[in-house]
Amino acid sequence: MRNLTESNLTDAVLSKLAGPQDVRFKQIMTSLIHHLHAFVREVEVTEEEWLEGIRFLTRTGHFCDDQRQEFILLSDTLGVSMLVDAINHRRPSAATENTVFGPFHVIGAPEFGNGDDITAGVPGEPTYVRGHVRSIDGRPIADAIIEVWQVRPDRLYDVQDPEAPGMQLRGKLKTDGEGRYAFWTIKPVSYSIPDDGPVGDMLKASGRHPWRPAHIHFMISAPGYETVVTHLFVEGDPYLNSDAVFGVKDSLVVDFQAHESGRAPDGKSVDKPFYTVHYDFRLTRA
Ligand code: BEZ
Ligand code: FE
């Protein structure tokens with residue numbers, strides 16, 4: 001293993017994987033080395049470009065702490081998160097589709113009863129969201145856990161605001177005996193993903209914007225079923241065709257039906273215009 005050249009270096013590195021490692025580890029490392037070397041060969045990376053790449057990854061690491069994960073953001077904005085998701089959640093077409101998890105889910109969100117208001121007092125356009133959780137053959141799933149979270153109208157999640165009085169616009173609900181769920185929230189807004197770090201620089205250099213179309217996050221789980229991590233997007237949002245993290249699927253774009261002030265479907269009297277959303281989630285067997 002001496003006098004290695006441009007043409008035999010890859011094989012030399014691959015031959016180092018001959019030891020008794022885990023089979024999957026070997027498969028992953030073999031492919032990684034192949035693709036990494038092929039990339040360097042294809043673009044004939046200069047030394048300055050290679051160093052710039054190392055600096056970029058170093059800065060990405062420095063931006064990470066327990067509140068911010070710049071590497072996941074990089075994966076999201078390069079479409080890798082959605083590719084990993086697609087490969088790992090191949091479902092029948094009748095099932096609700098997954099989309100990107102994102103960094104703003106919080107463990108321990110407050111629990112609510114069906115029909116409750118999850119806004120924690122954040123003002124906005126009242127929105128009543130309701131529907132069923134069913135199996136793909138249409139059977140209602142009782143006691144499914146539904147976690148919801150969404151951005152505030154100032155385009156920040158509660159966890160991005162050190163002054164936030166506590167958890168806002170997030171909660172945990174359970175479907176009733178007929179698989180029904182319902183909650184009051186406010187109409188979500190589009191927002192920019194954090195773009196003050198290396199990922200933001202990469203987007204700018206690529207001529208891309210950092211916006212996500214308005215959405216409500218859902219994570220739905222029930223014993224014996226595959227957990228669904230998804231969003232409901234707002235029909236008509238200007239960013240539906242250019243989501244910075246490639247998460248939009250037609251089946252998840254819903255009509256936020258506008259109503260004048262008056263009586264809502266749950267009988268509540270609302271003294272200003274409001275919206276209603278109806279969506280049924282369909283889960284596959286685990
Ligand atoms: C989100 O929707 O919360 C999100 C997803 C990916 C990256 C940043 C934010
Ligand atoms: Fe989000």
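At what angle do the axes of helix 3 and helix 4 cross, and within what distance do they come? That was my opening question for this predicted model.

**Entry: helix 3 with helix 4**
I found that the axes cross at roughly 125 degrees and come within 7 Å, with helix 4 covering residues 70-77. Helix 3 and helix 4 are therefore oblique to each other. I then listed who touches whom: Phe56, Leu57, Thr60 and Gly61 come from helix 3, and Glu70, Phe71 and Leu74 from helix 4. Sorting these residues gave me four nonpolar, two polar and one charged.

**Entry: helix 3 with helix 6**
Next I looked at helix 3 (residues 47-62) against helix 6 (residues 198-205), and here the angle is about 135 degrees with the axes 9 Å apart. Angles over 145 degrees would count as roughly antiparallel, so I call this pair oblique. Helix 3 brings Phe56, Arg59 and Thr60 to the contact, while helix 6 brings Pro198, Val199, Asp201 and Met202. My tally was four nonpolar, one polar and two charged.

**Entry: the iron ion**
Which protein atoms hold the iron ion (ligand 2)? I noted Tyr157 (OH), Tyr191 (OH), His215 (NE2) and His217 (NE2), at 2.0 to 2.1 Å from the ion. Along the chain, the donors are spaced as Y-x33-Y-x23-H-x1-H. Tyr157 sits in the loop between strand 2 (145-149) and strand 3 (170-174), and His217 is in strand 7 (residues 215-221), so this pair ties together parts 60 residues apart in sequence. I checked both for exposure: Tyr157 and His217 are buried. Finally, I looked at the angles: the six donor atoms subtend 53 to 163 degrees around the iron ion, which makes the arrangement irregular.

Key: Residues numbered from 1 in each chain as written. Chains lettered and ligands numbered in written order. Predicted model: local features only at pLDDT ≥ 70, side-chain atom pairs only at ≥ 80, totals over all residues. Heavy atoms only, no water. Axes fitted to C-alpha atoms, helices over the stretch in contact; angles between N-to-C directions. Helix = DSSP H or I, 4+ residues; strand = E, 2+ residues; numbered from the N terminus. Parallel < 35°, antiparallel > 145°, perpendicular 65-115°, else oblique. Contact = heavy atoms within 4.5 Å. Nonpolar A, V, L, I, M, F, W, Y, C, P; charged D, E, K, R; others polar. Donors = N, O, S within 2.8 Å, 3.2 Å for Na, K, Ca; no water. Tetrahedral: all angles 85-135°; square planar, octahedral: opposite > 155°, others 65-115°. Buried < 20%, exposed > 50% of the residue type's maximum accessible area, 1.4 Å probe, protein only.
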